[in-house]
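Thanks, everyone, for making the time this morning. I would like to walk you through one model, beginning with its sheet and ending with a pair of helices.

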Amino acid sequence: MNRDMNVEVVSRFKRKDNAAQRELCEQLLQTNLDFKSSRNNHEPRHYWHAFPAKFPWQLPKLFIENLTPVAGRVLDPMAGSCTTLLEASLLNRESVGFDIDPLSLIIGRAKFQRFSPDSAVETAYRVLKEAREKFDFFKDKLKDALKKRFDPETLSFLDYWFLEDTQLELLALIREIEKIADEAIKQFLMLIFSSIIITKSGGVTMAYDLAHTRPHRVLSKVPNSAFQDFSKRLFKNLQKFQELPPAEVFLKEADAKNMPLAGESVDLIFTSPPYANNAIDYMRAHKFSLVWFGCKISDLKQIRKTYLGSETTLNFRLNDLPAYSKSKVLELKKINKKKGRALHRYYSEMCEVIKEMYRVLKHGRACVIVVASSVLSGVDVETHLCLSEIGKTHGFEMAHTGKRSIDRNRRMLPTSHNKTGSQIETRMHTEYILGFWKV
Ligand SMILES: C[S@@+](CC[C@H](N)C(=O)[O-])C[C@H]1O[C@@H](n2cnc3c(N)ncnc32)[C@H](O)[C@@H]1O
């Protein structure tokens with residue numbers, strides 16, 4: 001066989017292989033994707049920190065396992081709590097993830113650290129002992145340090161949401177964590193620290209419902225002791241601790257619209273974008289812990305504006321959208337101009353994200369997007385249909401759209417305390433799994 005014939009045979013095989021892969025992708029999207037059982041008997045890192053709207057680990061696992069080779073590269077451009085990346089790592093794939101939320105990066109980095117649990121416990125005990133001493137015997141010094149550490153806006157935020165003693169406990173803890181020389185253990189203890197603040201119930205703040213990103217202050221709430229919660233979380237997170245396989249992980253702060261990745265370098269994209277029009281307002285909750293890591297409230301407000309789905313449209317370039325998406329934006333604009341413009345921004349930005357995902361994906365590979373719709377001022381904006389349309393406009397073929405019912409409690413979507421008929425109450429109970437194919 002001469003060289004040209006060789007190339008011909010290889011590409012014929014590849015085409016056949018691609019067709020089979022696409023068929024498999026279509027089949028996977030038609031299976032039951034609800035995953036209501038077997039929550040806890042898997043990798044405990046998935047439960048180390050609360051994160052709104054994270055998808056069940058079974059979902060990315062299914063697609064990674066079936067649609068990528070071992071050592072293949074899996075990308076989540078909006079990594080959140082890194083469910084996709086962790087599953088890719090466990091399956092010995094190379095995982096690549098990006099996010100613009102500093103807390104997402106803190107959580108994600110901690111999950112991929114390698115350390116001995118005994119050393120982590122030893123260090124955590126030292127942190128707790130030192131912090132307790134400072135709290136018991138040097139309270140005035142801690143109070144001074146608190147005033148020096150935070151600007152007036154951040155201080156008044158802390159005074160509103162945290163009791164004074166809790167602020168001092170947290171300050172004593174974070175100052176000890178900052179002194180840790182072992183970077184892996186430090187990252188792990190930073191995650192523990194954050195996980196005692198952002199909780200579904202209980203927690204150390206005066207807020208209820210932080211993990212649902214709908215914090216409201218309840219004056220009758222008795223916050224937990226930060227020292228006690230820190231110690232409890234430490235042991236909980238180290239239960240069933242196991243080293244990860246030595247797969248490569250690359251997690252970085254970057255905008256999904258402009259990723260530092262070469263074209264055609266990814267074997268599978270598995271991701272979920274934020275909801276349209278900020279239905280889940282991550283920064284509203286994440287700032288409760290990010291301020292302790294040195295972020296100012298004013299800086300966090302700026303980051304919030306850069307989120308996909310943020311309502312800010314000032315100085316924003318709005319794209320010309322394909323027909324159906326455009327009609328949804330116009331329908332909403334007629335009822336509520338501001339919300340309509342925000343939706344226009346969301347779909348415009350999703351055009352850019354989808355273009356970028358198309359660029360980095362290899363040919364003959366899948367890009368799977370998990371998305372739920374929203375009802376805004378009574379208009380179902382049909383995010384799944386609009387994103388399908390946008391995907392097709394930017395070069396993808398649609399393999400199939402799968403469906404799953406949302407387990408609202410587990411995914412920590414905003415839930416029932418909201419007023420009946422409120423925007424959040426009318427949110428979808430169905431999630432769509434858009435299977436795009438790059439031919
Ligand atoms: C629905 S969450 C992802 C949850 C994730 N699938 C999980 O299981 O944890 C969406 C993520 O998109 C991130 N995000 C928002 N705007 C972004 C942007 N411009 N670039 C990258 N990530 C962004 C948010 O910070 C958030 O972490």
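What follows is a short tour of the strands and of the helices that pack around them.

Please keep in mind throughout that this is a predicted model. The sheet is an open one, built from 7 strands with mixed pairing, and reading across it the order is β5-β2-β1-β6-β7-β11-β10. At the edges sit β5, residues 249-253, and β10, residues 397-405, each of which pairs on one side only. From one strand to the next, the twist averages 15°.

If you look at the β10 edge, you will find that β10 runs antiparallel to β11, residues 430-438, and that 8 bridges join the two; as a landmark there, His400 stands opposite Gly435 in β11.

Two helices are worth locating against this sheet. Helix α4, residues 102-111, packs on the sheet by touching β2 (94-99) and β5, and its direction makes about 160° with that of β5. Helix α14, residues 337-360, lies across β1, β6, β7 and β11, and runs at about 150° to β7.

Now, how do α14 and α15 cross? The axes of α14 and of helix α15, residues 383-393, come within 10 Å and cross at roughly 45°, which means that α14 counts as oblique to α15. The crossing is right-handed. On the α14 side, Tyr347, Met350, Cys351 and Ile354 meet Cys386, Leu387, Ile390 and Gly391 of α15, and by class this contact comprises 7 nonpolar residues, 1 polar residue and no charged ones.

Definitions and conventions
Residues are numbered from 1 along each chain as its sequence is written. This is a predicted model: local features need pLDDT of at least 70, side-chain atom pairs count only at pLDDT 80 or more; totals for chains, interfaces and linings use all residues. Two strands pair if DSSP finds at least two bridges between them. Helices (H or I, at least four residues) and strands (E, at least two) are DSSP runs, numbered from the N terminus. Axes are lines fitted to C-alpha atoms, for helices over the stretch in contact, and angles run from 0 to 180 degrees between N-to-C directions. Two residues are in contact if their C-beta atoms, placed from the backbone, lie within 7 Å. Angles under 35 degrees count as roughly parallel, over 145 as roughly antiparallel, 65 to 115 as roughly perpendicular and the rest as oblique. A crossing is left-handed if the near helix is turned anticlockwise from the far one by less than a right angle, and right-handed if clockwise. Ala, Val, Leu, Ile, Met, Phe, Trp, Tyr, Cys and Pro count as nonpolar, Asp, Glu, Lys and Arg as charged, and the others, Gly among them, as polar.
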